[in-house]
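Here's a quick tour for anyone thinking of running calculations on this one. Have a look at the model first, then read on.

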Amino acid sequence: MTGELKDGDTEEEFLHSFIRKQGNIYKPNNKDMENESLNEKAMEDVHTKEIDLVNRDPKHINDDVVKVDFEDIIAEPAGTYSFDGVWKASFTTFTVTKYWCYRLLTALVGIPLALIWGIFFAILSFVHIWAVVPCVKSYLIETHCISRVYSIFVHTFCDPLFEAMGKCLSNIRVRATKEV
């Protein structure tokens, strides 16, 4: 945009055209405002994203902990087999019991525990953001100040003292001899 009026344009049309090309706060065209709106959209998506009902452990948190199948608990070594029907019934009983017991427990206890864990991690985040990090930053600022004062003290008083002592004692020689 050169900022010049074209032939036949009124000043109002020019201004309207200029504002549309530059973008406004509602529909940004410039890169900075567009990136800000994308960041805001990404923040909204975190809270409104759809959950994956197929892969419920995408970060593999419980792969090695609670992945328990029938074969992991009950196994018959070679030569010691039960009846095939008993083995199949045992497998079915174990699998169905584990499946429905887990579903029943999650239906009864899962939502209250999700509420408790949500509150717990909200409090933990709050304390970390509003208390722990500011305290640590404050501590680091204060220790930096103290370390500067300590460093000045050491360089002012201790360095000359130890340097003088080193020069005075540098001519001392220690010789070890064996007595026969």
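A word on pLDDT before anything else: it is the predictor's confidence in each residue, on a scale from 0 to 100. That matters here, as this is a predicted model. The protein chain averages a pLDDT of 81, with 73% of its residues at 70 or more. Confidence isn't spread evenly, and the two extremes are both helices:

| Helix | Residues | Mean pLDDT |
|---|---|---|
| H1 (lowest confidence) | 11–22 | 56 |
| H4 (highest confidence) | 84–169 | 94 |

Let's stay with helix H4, residues 84–169. An unreviewed UniProt entry annotates residues 104–131 as a "transmembrane region". In the model that span is 100% helix and 0% strand, and its end C-alpha atoms sit 39 Å apart.

How many salt bridges does a search of the whole structure find? Just one: Glu163 pairs with Lys167, and their closest N and O atoms are 3.9 Å apart. The two residues are four apart in helix H4, so about one helical turn separates them. Lys167 is exposed, with a relative accessible area of 59%.

Now for the empty space. The largest pocket has a volume of about 1100 Å³. Its lining is made up of 20 residues, and those nearest the centre are Asn55, Arg56, Asp57, Asn62 and Tyr102. By type, the lining splits into ten charged, eight nonpolar and two polar residues.

One backbone detail to finish: His60 sits in the loop between helix H2 (31–48) and helix H3 (70–73). Its phi is near 55°, a positive value in a residue other than glycine.

Methods: Residues are numbered from 1 along each chain as its sequence is written. This is a predicted model: local features need pLDDT of at least 70, side-chain atom pairs count only at pLDDT 80 or more; totals for chains, interfaces and linings use all residues. Side-chain values use heavy atoms; hydrogens and water are left out. On a 1 Å grid over the protein atoms alone, a cavity is a set of points where a 1.4 Å probe fits but cannot get out, and a pocket is an open set with protein on both sides within 12 Å along at least five of seven lines; lining residues have an atom within 4 Å of a point. Grid points are joined across faces, edges and corners, and a volume is the space filled by probe spheres set on the points. Ala, Val, Leu, Ile, Met, Phe, Trp, Tyr, Cys and Pro count as nonpolar, Asp, Glu, Lys and Arg as charged, and the others, Gly among them, as polar. UniProt positions are given in the numbering used here, feature names are shortened, and annotations may be inferred rather than shown by experiment. A salt bridge is a side-chain nitrogen of Lys or Arg within 4 Å of a carboxyl oxygen of Asp or Glu. Buried means under 20% relative accessible area, exposed over 50%, partly exposed in between (1.4 Å probe, protein chains only).
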